[in-house]
Amino acid sequence: MRTIAVLNQKGGVGKTTSAVNIAAALATQGLRVCLIDLDPQANASVHLGVSLMPEEMSVYDVLTGDAKLADVRRAIDENLWLVPSHLNLAAAEVELAAELGRELILRDQLADDPMTSQFDYILVDCPPSLGILTLNALAAVQEVLIPLQPQFFALCGLVKLLETIQKVSRRINPKLRLGGVVICMYESGTRLAQEVCDDVEQFFEARERNSILASAKIFQTRVRKNIKLAEAPSFGQSIFQYAPSSNGAEDYANVAAELIRPFGTPEPREPMELGKQI
Ligand SMILES: Nc1ncnc2c1ncn2[C@@H]1O[C@H](COP(=O)(O)OP(=O)(O)OP(=O)(O)O)[C@@H](O)[C@H]1O
Ligand SMILES: [Mg+2]
């Protein structure tokens with residue numbers, strides 16, 4: 001099983017689009033995938049067609065200890081499950097502020113859940129901040145995947161993000177490492193995009209010997225700007241359902257292929273009953 005947090009504290013860089021469509025791409029390959037929406041904006045949930053009513057339980061109830069992951073996890077299709085979020089998750093940052101071990105709640109809940117080991121991939125869509133929610137993700141996973149938009153300020157936030165990953169790795173999760181960087185919303189043909197991509201490559205080459213970053217790769221696939229990717233969420237569908245022959249579907253299929261390549265192609269398996277069906 002691989003556990004991956006999709007994280008960049010900069011907003012609107014493609015975290016949710018990547019988390020949802022990579023999860024969907026892996027699931028279509030027969031891998032069992034659980035996507036945890038850890039963002040109060042609940043964009044990943046809506047993207048997969050799940051808009052919770054306030055009275056329905058969400059990942060918020062898991063973090064506050066009122067529910068188990070199994071109580072809130074939903075089957076999206078035969079290989080894809082979602083732990084949905086709701087706007088009320090925004091209160092968790094404040095409510096958990098005084099709680100002992102507040103960064104470790106998700107890690108403990110995953111360890112407690114007998115189904116965790118049944119998944120091939122658990123992806124966590126993080127909010128655009130480095131607060132308690134994101135720390136819960138970093139404490140619970142083995143890898144961080146950073147979506148990056150090739151813009152002038154892209155590298156500025158990266159330094160802070162890498163410092164946070166290093167700190168979490170030193171203090172609470174020694175298994176944590178940077179898995180890779182995916183360039184999103186790439187506009188081929190613009191000089192700025194190419195220059196920023198070159199800068200990112202140089203940035204990582206210069207830090208190669210550092211242990212946590214040593215394993216980091218920059219995905220060769222650059223996810224091109226594609227209007228279908230922006231339209232798909234409003235239909236509650238992944239790009240593979242909404243526009244399977246679009247550039248967006250091609251790019252995310254390639255990103256997923258790069259992600260799993262070092263781990264080999266999975267054996268096809270029987271679908272599994274896990275949690276409730278929507
Ligand atoms: N490759 C792409 N081409 C076109 N539009 C895209 C692409 N990737 C993402 N978008 C759109 O850009 C916007 C921001 O993307 P997304 O929500 O994935 O970013 P985010 O990092 O999760 O944002 P936030 O920080 O608010 O959680 C969305 O409207 C999304 O549909
Ligand atoms: Mg998002």
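**Note on a predicted model with one ligand site described**

1. Start with Q109. This residue is found in helix α6, which spans residues 105–112. The model is a predicted one, and the values below are computed from it.

2. Is Q109 buried or exposed? Q109 has a relative accessible area of 9%. Buried means under 20%, so Q109 counts as buried. Its side chain has a partner in the backbone: the side chain of Q109 reaches the backbone oxygen of V62, at 3.3 Å.

3. Next, the ligand. Where does ligand 1 sit? Ligand 1 occupies the largest pocket. Two elements give two or more residues to the shell around the ligand: α1 (15–28) and α11 (227–231). Of these, α1 gives the most, with three residues.

4. Which residues come nearest to ligand 1? There are 18 residues around the ligand, and the nearest are G12, K15, T16, T17 and N226. By class, the shell divides into six nonpolar, seven polar and five charged residues.

5. Three polar contacts to ligand 1 deserve a look in the viewer. Two involve side chains. An N or O atom in the side chain of K15 is 2.8 Å from an oxygen atom of ligand 1. For the side chain of Q41, the distance from an N or O atom to an oxygen atom of the ligand is 3.1 Å. The third involves the backbone. A backbone N or O atom of R224 lies 3.0 Å from a nitrogen atom of ligand 1.

6. How much of ligand 1 does the protein bury? Taken alone, ligand 1 exposes 630 Å². The protein buries 81% of that area.

7. Now check the backbone at A42. Phi of A42 is near 55°, a positive value in a residue other than glycine. A42 has its place in the loop between β2 (33–37) and α2 (43–47). Its relative accessibility is 10%. The cut-off for buried is under 20%, so A42 counts as buried.

8. M185 needs a similar check. It is not a glycine, yet its phi is positive, at about 55°. M185 is found in the loop between β7 (177–183) and α9 (191–206). Is M185 buried, partly exposed or exposed? Its relative accessibility is 28%. Partly exposed covers the range between the buried limit of 20% and the exposed limit of 50%, so M185 counts as partly exposed.

9. To recap the two loop residues: A42 is buried, whereas M185 is partly exposed.

Technical notes
Residues numbered from 1 in each chain as written. Chains lettered and ligands numbered in written order. Predicted model: local features only at pLDDT ≥ 70, side-chain atom pairs only at ≥ 80, totals over all residues. Heavy atoms only, no water. Near = heavy atom within 4 Å. Polar contact = N/O pair within 3.5 Å; in protein donor to acceptor, adjacent residues only side chain to side chain. Areas by Shrake-Rupley, 256 points an atom, 1.4 Å probe, with all protein chains shown as cover. 1 Å grid on protein atoms, 1.4 Å probe; cavity = no way out; pocket = protein on both sides within 12 Å on 5 of 7 lines; lining within 4 Å. Sits in = over half its atoms within 2 Å of the grid points. Helix = DSSP H or I, 4+ residues; strand = E, 2+ residues; numbered from the N terminus. Nonpolar A, V, L, I, M, F, W, Y, C, P; charged D, E, K, R; others polar. Buried < 20%, exposed > 50% of the residue type's maximum accessible area, 1.4 Å probe, protein only.
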